[in-house]
Amino acid sequence: MKKVNVGLLGFGNIGVGSYKVLEMNRKRIAEVSGADIEFTKILEKDVHRKRDVSVSLDRFTQDPDVILKDPSISIVVELLGGIEPASGFMLAAMKNGKHVVTANKAAVAANYDELTNTAKAGGVMFRFEASVCGGIPLLNALTTALAANEYEEILGILNGTTNYILTQMTENGLAYEEALKAAQDKGFAEADPTADVEGIDAANKLSILLSVAFGMRVPPEQIPAEGISKITKTDIDRAKAEGAKIKLIASAKKSGNGVVYSVKPTFIPEDHPLAGVGDEFNAVFVKGNAVDELMFYGKGAGPLPTGSAVIGDVVEIAKAL
Ligand code: HSE
């Protein structure tokens, strides 16, 4: 069986989740990919942090070039988060002939053209399924099974942390800070949760969806975005009194010759399917001009669901090698 060596940049929540998915389903992954896939090197400073996976210390490095220049590594998985140095590392990996997989929506949204063009120019694959809605195979669906459509609308809950916070405030009466802390403990939130609660993370994901589905480059900072940090118990109660729930909704809709887009907290009637989407779950409604209406639902955050998408991308590349 062919051996596929993978270099991992970052061993935080999602890095550990991806590592676990590969260990947990090793036999099945070997069968479907036709390859023996292994994380042979891991870029990580904090090698002694307590993690519930056992990795021999000689796999760790603090020098990115040990991975980016290693001829035995054919796939680089970037899970550092943040725009830099992650984007620079991905570009360097591509220029060195390595295929790249990432879950990093901030980097993909900020540098979409440069990353996709560099991959094309270098004849390498660049996959980023995990960057939008964690475990939901949305980008795959939009670019393969649904590729025959013109998209008319994409709308949904794209951030797990804020959905978790709003659910806990609405269903269990938790205070905002308490619910945020729980989301952080569960590994849903970004390193700096401001990106989640201010709608920036959802805007990054919407920017990627605008590129993938509508062929439009809209930098995330140009997407009107409002978060949930100012939502109070009074707002939650007001929504309840109106038979609604507050959800952070990202939307893009064709209008005339253009597309209108935004991220904002929205009152959703309790009998609407999106109102039933709780905790870290995400849901995305897609309308295509041939397929008509579709709904995608699943865990949009968390180490294993996101790791599922990361390793799915690695498997797709390994199959093609
Ligand atoms: N912080 C993100 C979220 C992680 O809560 O949705 C997944 O992108």
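Among the elements that cover the buried residues of helix H8 are strand S7 (151-157), helix H9 (176-185), helix H10 (194-197), helix H12 (233-241), strand S8 (244-255) and strand S10 (281-288). Helices here are DSSP runs of H or I with at least four residues, strands are runs of E with at least two, and both are numbered from the N terminus. The model is a predicted one, in which local features need pLDDT of at least 70 and side-chain atom pairs count only at pLDDT 80 or more, while totals for chains, interfaces and linings use all residues. Residues are numbered from 1 along each chain as its sequence is written, and side-chain values use heavy atoms, with hydrogens and water left out.

Because 11 of the 13 residues of H8 are buried, this helix is largely enclosed by the rest of the structure; buried means under 20% relative accessible area, exposed means over 50%, and partly exposed lies in between, with a 1.4 Å probe and protein chains only. The buried residues include Tyr164, Ile165, Leu166 and Met169. Helix H8 spans residues 160-172 and reaches 17 Å from its first C-alpha to its last, close to the 18 Å expected at 1.5 Å a residue, where the expected span is 1.5 Å times one less than the number of residues.

At the N-terminal end of H8, asparagine 159 acts as a cap, with a side-chain oxygen 3.2 Å from the backbone nitrogen of threonine 161. After the helix comes glycine 173, whose phi is positive, near 65°.

Threonine 161 also leads to the ligand, since a polar atom of its side chain lies 2.6 Å from a ligand oxygen atom. Lysine 205 likewise places a polar side-chain atom 2.8 Å from an oxygen atom of the ligand, and a polar backbone atom of phenylalanine 188 is 2.7 Å from a ligand nitrogen atom. Taken alone the ligand exposes 260 Å², of which the protein buries 94%, the areas coming from the Shrake-Rupley method with a 1.4 Å probe. H8 and helix H11 (200-214) are the elements that give two or more residues to the shell around the ligand. The residues of this shell divide into 3 nonpolar, 4 polar and 5 charged, and those around the ligand, with a heavy atom within 4 Å of it, include Lys105, Glu190, Asp196 and Asp201.

Strand S8, one of the elements covering H8, contains serine 251. Serine 251 counts as buried because its relative accessibility is 19%. Leaving aside neighbours within four places in sequence, serine 251 is in contact with Ile154, Leu155, Leu206, Val260, Tyr261 and Ser262, contact meaning heavy atoms within 4.5 Å.

Notes:
Polar contact = N/O pair within 3.5 Å; in protein donor to acceptor, adjacent residues only side chain to side chain. Nonpolar A, V, L, I, M, F, W, Y, C, P; charged D, E, K, R; others polar.
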